[in-house]
Amino acid sequence: MMAGEMRQPAERRVGNQAVVIGGSIAGLLAARVLADHFDQVTIIERDIYPAEPDFRKGVPQGRHLHVLLLRGLQILNQFFPGLEDELAAAGAPQTDLLGDTLIFTIAGQLPRFKSGVTTRFCSRYLLEWLIRRRLEQNSRIVFRDGCEVINLLANDTSSKIVGVELRFRQGASEAARERDRLGADLVVDASGRDSHAPEWLASLGYGRPRETVINSFLGYATRWYKRPEGFEHDWKGVNVGPHVPDKPRGAALFEVEGGRWVVTLAGIARHYPPIDAPGFLEFARSLTEPVIYEAINAAEPISPIYGYRRTENRWRHYEEMARWPENFLLMGDAMCAFNPVYGQGMSVSAMEALVLEKCLRELQRAQGRNFTGLGRRFQKRLKEVIDTPWLLATGEDFRWPETEGGKPGRVTRLMHQYIDQVIKLSTADRHTALVFVNVLQLTVGPAALFQPAILFPALGQFIRRK
Ligand SMILES: Cc1cc2nc3c(=O)[nH]c(=O)nc-3n(C[C@H](O)[C@H](O)[C@H](O)COP(=O)(O)OP(=O)(O)OC[C@H]3O[C@@H](n4cnc5c(N)ncnc54)[C@H](O)[C@@H]3O)c2cc1C
């Protein structure tokens with residue numbers, strides 16, 4: 001049974017107050033789970049939330065194309081039954097990822113057929129707003145927006161976090177004091193890539209986590225368009241991938257709510273797309289496929305062009321720390337942020353929320369209100385969730401010699417060769433295309449790519465190539 005379907009009676013809850021730092025996708029999902037196990041959950045968000053679905057400064061990536069992978073949508077539908085209907089009502093088109101999308105790979109276009117692998121294309125801020133609206137109806141959840149966590153508060157021995165120190169921002173609805181403190185039985189840091197947890201933990205004597213950073217120097221440039229009336233097309237999305245070694249440019253165009261197209265151009269290995277209008281169009285024209293250029297050339301832009309370059313894969317290895325405060329957890333980009341081109345971040349946050357749910361249920365069964373070992377257990381289990389998306393994201397980055405943060409080993413190089421064959425096979429074989437797309441949607445593990453129906457033809461292809 002999912003979180004929220006079963007309300008815990010008071011005596012079965014594991015604590016009184018939980019605090020979530022950061023009210024974006026990971027923080028909202030954490031709150032959704034915590035509300036079933038705590039009397040009160042307070043979400044501290046430094047931004048003042050907009051009243052309508054809209055961009056906000058604390059999530060600068062929100063202006064760029066965000067794909068909700070099928071695995072993410074499935075989990076969101078479980079946490080918030082009916083959410084997909086709300087997305088539909090808001091105009092987010094249902095999209096069959098093979099039937100409605102043109103996917104151009106290194107080996108050609110994937111076949112188009114009704115695959116049943118469907119998700120909803122929408123803006124990131126619509127999705128966040130719908131989730132937030134649901135949580136606002138939950139009487140156990142309190143939002144404190146316009147408020148920033150500036151430190152953790154610990155007990156005398158620093159073995160336990162007892163709360164957080166806050167600073168209200170100007171214009172905050174409750175802005176009364178400059179500083180405040182909020183006690184907590186459990187604190188979850190979901191404050192994204194810029195999380196201050198490494199410094200906070202170091203100042204409490206825990207040291208800093210080891211970090212793995214793998215950077216392929218990918219840059220984005222994004223512009224929003226009004227879908228032109230009468231423009232003949234039979235797709236809802238187009239994806240043109242970059243190709244090693246000499247085609248570092250890629251792009252995606254997705255139709256989202258409001259009859260809009262969001263177009264993101266991407267350049268890897270420092271081939272950053274320009275953010276001036278002629279340069280943007282020219283970059284689109286230079287892609288290996290003309291379809292995106294032809295579409296945007298016929299469309300009216302409704303936004304400036306936004307650039308973005310903070311795209312490195314960054315894993316803070318909290319799961320390895322020798323000592324850990326038992327009631328402090330981290331999730332989302334605060335623990336591990338991915339190269340966004342594979343669209344994994346929000347869905348991984350949703351998978352992590354499932355882990356949180358499982359850990360809290362176990363805690364409740366085994367120990368009630370004793371958090372001993374929870375933090376370590378949770379961070380170690382997140383590693384299991386992160387491993388596959390990390391492999392997918394960094395594995396592709398390692399194809400580029402310009403990538404910094406490590407070199408591909410023999411196994412990775414063999415994997416590249418195998419995946420090339422799988423992609424080639426996908427362009428001609430529907431079953432392989434379906435499995436391949438499901439792996440990318442995180443609905444099946446990469447092991448599925450080694451099933452006999454794919455392995456043998458892929459190897460045959462490879463041998464014939466030699
Ligand atoms: C360019 C780009 C494109 C992307 N595309 C996709 C995609 O297609 N699909 C996908 O699934 N993911 C994508 N991602 C990743 C996705 O945006 C994140 O993984 C997702 O938003 C979850 O992040 P998060 O909630 O952990 O952190 P964030 O979304 O970064 O949110 C952190 C929140 O914490 C708040 N905050 C920060 N510090 C404090 C503090 N001290 N006190 C209080 N509040 C604080 C911030 O204001 C913010 O609201 C993309 C990322 C980038 C950079």
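A residue counts as buried when its relative accessible area is under 20%. This cut-off is the one to keep in mind at the first stop of the tour, which runs through a predicted model.

**Stop 1: T42 in strand β2**

Select T42, which is found in strand β2. Its relative accessible area is 2%, so T42 is buried. Display the side chains around T42 next. The side chain of Q17 is in polar contact with that of T42, at 2.9 Å. A further polar contact, of 3.4 Å, links the side chains of T42 and Q40.

**Stop 2: the ligand**

Strand β2 also leads to the ligand, since β2 is among the elements that each supply at least two residues of the shell around the ligand. Select the ligand together with its surroundings: 33 residues surround the ligand, and the closest are S24, E45, V67, R124 and M346.

Which elements each supply at least two residues of this shell? They are α1 (25-34), β2, β8 (147-154) and α8 (345-366). Colour α8 separately, as the largest share of the shell, four residues, comes from this helix. Colouring by class instead gives 14 nonpolar, 13 polar and six charged residues in the shell.

Three distances deserve a label in the viewer. For E45, an N or O atom of the side chain is 2.6 Å from an oxygen atom of the ligand. For R56, a polar side-chain atom lies 2.9 Å from a ligand oxygen atom. For I25, the partner is a polar backbone atom, and an oxygen atom of the ligand is 3.4 Å from it. Now switch to a surface representation. The ligand taken alone exposes 1,000 Å², of which the protein buries 97%.

**Stop 3: aromatic pairs**

Hide the ligand and display the aromatic side chains. A pair of aromatic rings is described by the distance of the centres and the angle of the planes. The model has 11 aromatic pairs, counted with ring centres within 6.5 Å.

Start with Y49 and F143. Their rings form an edge-to-face pair, with 5.8 Å from centre to centre and 80° between the planes. Why does this pair tie together parts that are 94 residues apart in sequence? Y49 lies in the loop between β2 (38-45) and α2 (70-79), whereas F143 lies in strand β7 (residues 141-145), so the pair links those parts of the chain. Both Y49 and F143 are buried.

Move on to F79 and F80. This pair is likewise edge-to-face, at 6.5 Å centre to centre and with 65° between the planes. Both F79 and F80 are buried. Keep F80 selected and add R32, which lies over the face of F80 at 5.8 Å from the ring centre.

A second arginine is found over the face of a ring elsewhere: R309 lies over Y272, at 3.8 Å from the ring centre. To finish this stop, select F231, W235 and W261, which form one aromatic cluster.

**Stop 4: backbone details**

Return to a backbone view and centre on V244 and P245. A cis peptide bond joins the two residues, with omega of about 5°. P245 has its place in the loop between β14 (237-240) and β15 (249-256).

Next select S158, in the loop between β8 and β9 (161-168). Phi of S158 is near 60°, a positive value in a residue other than glycine. Is S158 buried or exposed? With a relative accessible area of 13%, S158 is buried.

L442 is another residue to inspect in this way. It lies in the loop between α11 (430-440) and α12 (452-465). Its phi is also near 60°, a positive value in a residue other than glycine. L442 counts as buried, at 9% relative accessibility.

**Stop 5: T372**

The last selection is T372, in the loop between α8 and α9 (374-397). With a relative accessible area of 42%, T372 is partly exposed. Its side chain is joined to that of N370 by a polar contact of 2.6 Å. Finally, draw a distance from T372 to G445: the two residues are 73 apart along the chain, and their C-alpha atoms are separated by 32 Å.

Conventions
Residues numbered from 1 in each chain as written. Predicted model: local features only at pLDDT ≥ 70, side-chain atom pairs only at ≥ 80, totals over all residues. Heavy atoms only, no water. Phe/Tyr/Trp six-rings, centres within 6.5 Å; stacked < 30°, edge-to-face > 60°. Buried < 20%, exposed > 50% of the residue type's maximum accessible area, 1.4 Å probe, protein only. Lys NZ or Arg CZ within 6 Å of the ring centre and 35° of its normal. Near = heavy atom within 4 Å. Polar contact = N/O pair within 3.5 Å; in protein donor to acceptor, adjacent residues only side chain to side chain. Areas by Shrake-Rupley, 256 points an atom, 1.4 Å probe, with all protein chains shown as cover. Nonpolar A, V, L, I, M, F, W, Y, C, P; charged D, E, K, R; others polar.
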